[in-house]
Amino acid sequence: MTQPLSVQLYTVRDALSADLPGTLQRIASIGYTNVEAFGFVDRAEELRDALAAAGLQVPSGHARLLDAGEQDLERIFHASVTVGLGTLIDPHIDEARWTTREDVEAIARELSALAPRAADHGLVLGYHNHAFEFSNRIDGVSAYEVFADALSDDVVLELDTYWAKVGGDDPVAVLQRLGDKVQFLHVKDGDGSHDDKQQVAVGNGVMPIRDIVAAAPDALHVVELDDHEGDVFQAVADSYTFLEGARA
């Protein structure tokens, strides 16, 4: 059964800063029942209460893990539990670390080593890519897939399909190769460039959206726009409408 759609709250970050409860209510009114959190560690209780008031679940959230010190890691785990996350995803590891097999495999070991600690808090760990993990090639394979192969089985992947394409790979083929290791998809659309402002509502750009969601039907599909020239709420609503039709 296809999971309900989610939306990464970074998409509506400006509105969230101005009015957290009202923004979440607006997201819910579009039809979303899931959201993906970001920047929640210092406002976990406030976010938890606003999500509950809007009737929204938060299956996943982003926080930098490998850059965090020991004290910060415990704060992140505690905040994740407070908000109600199931999966805690590291959204960015320094691009300079993705150039050699040794460095990439070291990243996989470091993240894998944190997974049992996260599990003690009832959390699963994951990683979210950008374009550079795909544009950096190691022995003819993307650094991302070298990383995926070295990762322990208890760490999942959130494939940002747009950045995979920008990085030079076919996201559908990547999904077919990695299978159910990919538990979350960032579904976004645009002109396929590095320019965030060229991102548009899902279904209005160059991405093969129907093929992408069909390649990972059991993953949680998360709508995101890193930036947008127009009304971002309209783009979020249009994305919801398109994906509900595409996944039917």
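Here is a short chat about two helix stories in this predicted model.

Author: Quick ground rules: residues count from 1 along each chain as its sequence is written. Local features need pLDDT of at least 70, side-chain atom pairs count only at pLDDT 80 or more, totals for chains, interfaces and linings use all residues, and side-chain values use heavy atoms, leaving out hydrogens and water.

Reader: What makes the buried residues of H3 line one face of the helix?

Author: H3 is residues 44–54, and Ala44, Leu47, Ala50, Leu51 and Ala54 are buried there (under 20% relative accessible area with a 1.4 Å probe, protein chains only; exposed is over 50%, partly exposed in between). Looking down the axis, these buried residues fit within an arc of 135°, so they line one face. The arc is taken from the directions from the helix axis to the C-beta atoms.

Reader: Which exposed residues sit on the face of H3 turned away from its buried side?

Author: Those are Glu45, Ala52 and Ala53.

Reader: Why are H2 and H11 called roughly parallel?

Author: Their axes cross at roughly 30° and come within 10 Å. Angles under 35 degrees count as roughly parallel (over 145 is roughly antiparallel, 65 to 115 roughly perpendicular, the rest oblique). H2 and H11 are therefore roughly parallel.

Reader: Which residues of H2 and H11 meet?

Author: Thr23, Arg26, Ile27 and Ile30 in H2 meet Phe233, Val236, Ala237 and Tyr240 in H11, where contact means heavy atoms within 4.5 Å. By class, that's six nonpolar, one polar and one charged residues.

Terms used
Helix = DSSP H or I, 4+ residues; strand = E, 2+ residues; numbered from the N terminus. Axes fitted to C-alpha atoms, helices over the stretch in contact; angles between N-to-C directions. Nonpolar A, V, L, I, M, F, W, Y, C, P; charged D, E, K, R; others polar.
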